[in-house]
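Biologist: Please take me through this structure one feature at a time, giving the general idea before the particular case.

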Amino acid sequence: MKKILALAMAAAMALSIAACGNNSGSSSKNNSSASNPGASSSGQAATGSAGGSATSGQTSGGNYGSFTTVEPGKLHMSTNAAFPPYEMLADDGSFEGIDVEVASAIADKLGLELVVDDMGFDAALTAVQTGKSDIAMAGITVTDDRLEVMDFSDSYATGIQVVIVKEGSPIETVDDLSNAEMIGCQETTTGYIYCSDTPENGGYGEDHVTAYETGAVAVMALVNGQVDAVVIDNEPAKAYVAQNPGLKILDTEFAVEDYAIGVGKGNTDLLNAINAAMAELKSEGTFQNIVDKYITTD
C-alpha cells in the first residue's frame, strides 16, 4: 500500500461527510441556488482569470462577519470541471457536481453570487494563490506543500485514490503497479505526486509516470494502450469505467485522503466565514443531500 497523507482519514468509503457542530447563527436565506448550481455561473467555461484582485471589496456577511472577495458581491470559484461527480459540465453548458453545489450553498449563506471559473487543475490552485479567485474546489487534497502557499477550510469529504486497468491486465493489486511500464495520472494531482516520487519514498519514479491534463485524457491513454494503469479518485474512476467498456477498478485502494476548499494565504476572514457556513450546511443536512444526489450507496 502506498503512502497515505498524515491527515487522511481511514474511512473505507468513497466519500463521507465529516461531522461538524453548528458554530454560527442560522441564516434566514434559502438555498435555492444550491439546487440550481448553473444559475449563478455564466454557463460558459472560462479561459482566463476570475476577475483579478483590483476589484476586490469588503463584504458584510451578517452572522459570518466581514470578509474580502475578489469581486464585490460575488464568490469566484476556480475549478477543473472534468472531475465527475465533483465538478463537470451539464448538457446545457452550465456547471454541476458536488463541489459546485456545495460552493453555491456556501455563497448563498454568505449573501454572494457564485461564479464558476473553469480552468486546468494547476491553474485553479494558482488562481487562489494569486488573488484571481476566492476559493478553489476541484477535489483538492490538503498537502504540506500546498499549505505553504494557500490556506484550507475544514475537510468536507474523504476521497479514495484507486487504480484503473484493462480487463485481463496482469496488474491485479496495487502492489503490482511496481511492474507497470507506464502509469497515467492527471497532472499536479496527489495521484501524480505519489506515483512520480522515488521508489525510496514509495513511488515509481518520474520515468514510469505520464501526466495528462485531465483524468479523462489519462483514461483514453489507457484505452489506447499508452499506459498500463491510471491512478485517480474513486468517483471519477467509476464514471470513466462506466463510459469505457473493458476497463475495471482494482479492489485494493491506493490512498485515502481529505478534500478541502482552498483559500488565499492569509485571507482568514473569508476562511472563517466559509467554515461557519459549512458547519451550518452539515448540521442542516444540506451537505449530505448534495452528496446523495450524485453518489448512490450501490
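**Reading the features**

Modeller: We can begin with a single bridge: methionine 88, in strand β5, is the bridge partner of alanine 82. The model is predicted, and local features need pLDDT of at least 70, side-chain atom pairs count only at pLDDT 80 or more, and totals for chains, interfaces and linings use all residues. Residues are numbered from 1 along each chain as its sequence is written, and side-chain values use heavy atoms, leaving out hydrogens and water.

Biologist: How many bridges join β4 to β5, and in which order do the strands of the sheet run?

Modeller: Two strands pair if DSSP finds at least two bridges between them, strands being DSSP runs of E of at least two residues and helices runs of H or I of at least four, numbered from the N terminus. Here two bridges join β4 to β5 (residues 87-89), and these strands run antiparallel. The open sheet has three strands in the order β4-β5-β6, with antiparallel pairing, and its edge strands, each pairing on one side only, are β4 (82-83) and β6 (95-96).

Biologist: Which peptide bond is cis, and which residue has a positive phi although it is not a glycine?

Modeller: Most residues other than glycine have a negative phi, and most peptide bonds are trans. The bond from proline 84 to proline 85 is cis, with omega near 5°, and proline 85 lies in the loop between β4 and β5. Threonine 188, which is not a glycine, has a positive phi of about 65°; its place is the loop between β11 (183-186) and α4 (190-196).

Biologist: Is threonine 188 buried or exposed, and what is it in contact with?

Modeller: Buried means under 20% relative accessible area, exposed over 50% and partly exposed in between, with a 1.4 Å probe and protein chains only. Threonine 188 counts as partly exposed because its relative accessibility is 25%. Apart from neighbours within four places in sequence, threonine 188 is in contact (heavy atoms within 4.5 Å) with Phe121, Asp122, Arg146 and Ile193.

Biologist: Which residues have the most contacts inside the largest nonpolar core?

Modeller: In soluble globular proteins, nonpolar side chains tend to be buried together. A nonpolar core is a set of buried Ala, Val, Leu, Ile, Met, Phe, Trp, Tyr and Cys residues joined through side-chain atoms within 4.5 Å. The largest one has 57 residues, and those with the most contacts inside it are Ile106, Leu110, Ile135, Ile164, Ile261 and Ile274. Helix α7 (residues 268-284) provides the largest share of this core, eight residues. A second, separate core of 17 residues includes Val163, Ala229, Val231 and Phe254.

Biologist: How many aromatic pairs are there?

Modeller: Rings of Phe, Tyr and Trp (its six-membered ring) pair if their centres lie within 6.5 Å, planes under 30 degrees apart being stacked, over 60 edge-to-face and the rest tilted. The count comes to three aromatic pairs. Tyrosine 86 and tyrosine 259 form an edge-to-face pair, 5.5 Å centre to centre with 80° between the planes; this pair links the loop between β4 and β5 to strand β15 (residues 255-259), 173 residues apart. Both tyrosine 86 and tyrosine 259 are buried. Tyrosine 194 and phenylalanine 254 form a tilted pair, 6.1 Å centre to centre with 35° between the planes. Phenylalanine 254 counts as buried because its relative accessibility is 0%.
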